[in-house]
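Visitor: I would like to learn how to read a structure like this one, feature by feature. Could you take me through it slowly?

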Amino acid sequence: MKGTLQVNGVAHDVEAPDDMPLLWVLRDMLGMTGTKYGCGIAQCGACTVHLDGKPVRSCLLPVSAVGDKPVVTIEGVGTTPAGAKAQKAWIELDVPQCGYCQSGQIMSASALLANTPAPTDADIDAAMAGNICRCGTYLRIRAAIKRAAGTQA
Amino acid sequence: MATSIDTSRRGFLKVSAAAGGGLLLGFELLQDGAEAASAFAPNAFIRIDPKGIVTLIMPQQEMGQGTHTGHSQLLAEELDVAMSQVVLEQAPPNDMLYGGPKAPPERRRQSTGGSSSFRNGFYISLRQAGANARAILVTAAARLWKVDPATLRTSDGVVYHDPSGRQIGYGELSPRAGAITLPTDAPLKADKDFKLIGKPVHRLDVPAKTNGSVTYGIDVMAGKVPVAAVLQAPVVGGKVAAVDDAAARAIPGVKQIVVLDDLVAVVADNTWLAFKGLKALGVTWNDGPNGRLGQADIVRDLREKTSKPGVSAKNEGDIDKAFGSGDRIDVAYEMPFLAHSPMEPLNCTVHVQGKTAEIWVGTQVQTGAQKAAAKVLDVDPKAVTLTNFMLGGGFGRRLDTDMVTNAVRVAQQVSGPVKVMWSREEDTRHDTVRPYYRNVMAATLKDGRIDAWLHRISGGSVPVRMSGKPPKDGLDGSTIDGADEIPYEIPNLRVEYVQCEPGAVNVGWWRGVGPNNSLFAVESLIDELARKAGKDPLEFRLAHLQKSPRAAGVLRLAADKAGWSGPLEGKAGRGIAMINAFGSFCAAVCEAEVNADGDVRVRRMVVAVDAGKVVNPDGITSQVEGGVVFALTSAFWGNITVANGRIQQSNFHDYRMMRIHEAPPVEVHIVPSNEDPGGIGEPGVTVSTPALVNAIAAATGIRLRTMPIDREILAGRKDNA
Ligand code: FES
Ligand code: FES
């Protein structure tokens, strides 16, 4: 495809094979490395970005399917109210360990928070089960989501 | 990095102005070889520039365990600067400067593993470095103002002279500090004066990990250098037989196909094209003799070899005589091969230019990686420049350097820099796996107490695999680690090691290392003995720990916080376990329920830790929380298997990780302690599996002796062989 991608509110001219996943366009063409490769088969969530406000796994999303829908990545999510709240809570609770999964965790969490301002444990399970954290930071992820939502200190 | 340390006078530290006018400061360390008997070698560094920016150079690698924050606390505490004033810099490769200061110089290694960050001497040596630097700055201020240094105090990077109300920042003082020579033994703060050590401090690496700005090895020069996707012989010792590259070459953007004797790589404009090109490549392998190796062969060999006595690692009392009487139990426990699966798949960016190379990577062993590259190029390690980046997980995998070796081999064939990438599948199939272990054990009870104890351990030896040499005196200490220092008071005890390498499977260090296996077996058998003796598992343990207050202390604390003898609802049980390893004591109470289908749910894990003096309590809590998940992941699903010489698992669909909805609440309780700091990255891993298995036994009466947990057994559909 040859066209324009809207990423974090900025238009980027891109020329890429149609089947090239958005993940690699972001990383290797636009140099936006915050979005991570973990599995390439939609198992780990490290590559999660927002497409038109919804969390998607960019490792399996062909760039040709993006069209003119806006893409938000970890580099830009802080400008959204939910993203900013999530990042703040993540820092306050020292959530990350190695940190490699955390871009994806924050993208999934901020999408959840944007749609469900006071998520229950079940909401959190459903929204976050696709994001693996090998370091095992799940407890703090859950607490940070509640903190961002203002449902827990 | 240029250092300007005068090492000529023993016990004295000479500071010279560093590049840029800042203060560059090394700190005293152990003697550096024979010639240096009257000198001292600098280690980690503090750099203060005239603007007052305090740069702390980190000898160890950050991989999420909080080492950079903890080491900064030690330096900043004694230097008397606030955490917000410091900037961190990763040390360059240098064993002598940055290897653990407790080790003799020839054995010093710049390596981050084995829960070593606070155990290998850094706790004192980094504080001393901070204190010495502070003393110099105070002297500089005293000379400037012509006052007695004793009338000065420091706080948050400023020297104060209260009688005159004068103050001056460290930055302003730094050019003046250059010429000052001072003893290297400036007094350290008393514990009661600590502002940072022992306090929960926010991790310094966290903010950059929440906005995508942190750089891991995989992010280096993304989009600016070509990518080589690598495919290594699926069987150890296998060779490339033939390559059909027509389809791969036809892909626009594929630049080069690299074919070496035991691997192939496709070089392309970007990662996606490199992966795509690799999939299009038709490779035929010549597996060689290892192509027939199967899991059953490995396990059979292990069982046969452990049926006979091994090399004695510890022998107390008279075990043969003791086994002549008493109530005897004979059991065997087995633990599977495990992959590390760090979230960041292996990668290494290399630029080879003739006889020099530049490397960008995330490694746990900077100097080891440098040497590995130098070996490929047949050059001195100095010809290799290495820049280390944040690690997207290590867990021991990045203590190995195979990824550097193979990346350099590929890069030798490529003109210009190239990023060599492992797909997740390649990362899993070529992991250096945690050894498959077997523990053959026997014990007797006499009057309700353990009288005799035999623990025979075997599993692939990591040092043997890494060095290619047999273990010294036939004994691999890393395999029996933990088993030989159990605090339980047992009059007749023998620990044996049996060497049995798994042939064509590469084994490696895995978070929790030897004690993960040996203490799983110990804590399982103790539990079995308690039940056989009709005793409460907590009381039974305590009865054998009269001389080990720290062991008893963590057990009591965990039991107390977990409500050990309180009522339980449903088909559930509580299991307890205690470990003494990595210089720490740790106990856990696991509450688990088991349903009719054999599904296990952990309701809660309560962990008590005595890790000696604490640097960052929240760091301990976080490491234990993560360690519990790491252990439960392997207990439930961890099982790497081998067929036709190949690792059969490849990605997260067939090598499962615990997910958020499966992760139990974890409570961590820290014992206040004045003992030497212990490790904390691993104890939470090691203690959790036996606590879980003991809980399952309490809930069901079924004793699982082979990991991972087999639900078929718990559902009653399969015999518990
Ligand atoms: S990389 Fe996309 S889900 Fe794992
Ligand atoms: S923080 Fe390391 S994988 Fe999540």
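Visitor: Which residues lie nearest the centre of the second largest pocket, and how many residues line it?

Guide: Keep in mind that this is a predicted model. A lining is read by asking which residues have an atom within 4 Å of a point of the open space. Here the second largest pocket is lined by 27 residues, and those nearest its centre are Tyr37(A), Phe275(B), Lys279(B), Ser423(B) and Glu425(B).

Visitor: What volume does the second largest pocket have, and what classes of residue make up its lining?

Guide: The volume of the second largest pocket is about 590 Å³, and by class its lining consists of 17 nonpolar, 4 polar and 6 charged residues. In chain B, at least two lining residues come from each of β11 (227-232), α6 (271-280), α11 (424-429) and β29 (646-647), and α6(B) gives the most, with 4 residues.

Visitor: What does UniProt list for residues 211-289 of chain B?

Guide: An annotation of this kind may be inferred rather than shown by experiment. In an unreviewed entry, UniProt lists residues 211-289 of chain B as "domain: Aldehyde oxidase/xanthine dehydrogenase a/b hammerhead". In the model, this span is 18% helix and 37% strand, and its end C-alpha atoms lie 49 Å apart.

Visitor: What domains does the domain assignment give for chain B?

Guide: A domain may be written as joined stretches of the chain, as two of the domains in this assignment are: domain 1 is 15-208, domain 2 is 217-288 + 346-421, and domain 3 is 296-337 + 434-714. Taken over C-alpha atoms, the centres of domain 2 and domain 3 of chain B are separated by 37 Å. Their contact takes 9 residues from domain 2 of chain B and 12 residues from domain 3 of chain B.

Visitor: How much area do domain 2 and domain 3 of chain B bury between them, and which residues supply it on the side of domain 2?

Guide: Buried area is the accessible area that two parts lose on being put together. For domain 2 and domain 3 of chain B it comes to about 820 Å², with 55% of it on carbon and sulfur atoms. Of the area that domain 2 of chain B buries against domain 3 of chain B, 57% is supplied by Val236(B), Phe395(B) and Asp400(B), more than by any other three residues.

Visitor: How is the contact between chain B and chain A read?

Guide: The idea is the one used for the domains, now applied to whole chains. The contact takes 64 residues from chain B and 50 residues from chain A, and the area buried between the two chains is about 4,500 Å², of which carbon and sulfur atoms give 58%. In chain B, the residues that lose the most area to chain A are Trp272(B), Met343(B) and Ile660(B), which together account for 19% of what that side buries.

Visitor: How does a cavity appear in this model, and what lines the second largest cavity?

Guide: A cavity is a space where a probe fits but cannot get out. The count comes to 9 cavities of 30 Å³ or more, and about 110 Å³ of space lies in the second largest cavity. Its lining has 14 residues, among them Met335(B) and Arg434(B), which are included in those nearest its centre. The largest share of that lining, 4 residues, comes from α18(B).

Visitor: Where is a cis peptide bond found?

Guide: A cis peptide bond joins Met707(B) and Pro708(B), with omega about 0 degrees, and Pro708(B) is found in the loop between α18 and α19 (711-714) of chain B.

Definitions and conventions. Residues numbered from 1 in each chain as written. Chains lettered and ligands numbered in written order. Predicted model: local features only at pLDDT ≥ 70, side-chain atom pairs only at ≥ 80, totals over all residues. Heavy atoms only, no water. 1 Å grid on protein atoms, 1.4 Å probe; cavity = no way out; pocket = protein on both sides within 12 Å on 5 of 7 lines; lining within 4 Å. Points joined across faces, edges and corners; volume = space filled by probe spheres on them. Nonpolar A, V, L, I, M, F, W, Y, C, P; charged D, E, K, R; others polar. Domains from an automatic or database assignment. Contact = heavy atoms within 4.5 Å. Buried area = accessible area lost by both parts, 1.4 Å probe.
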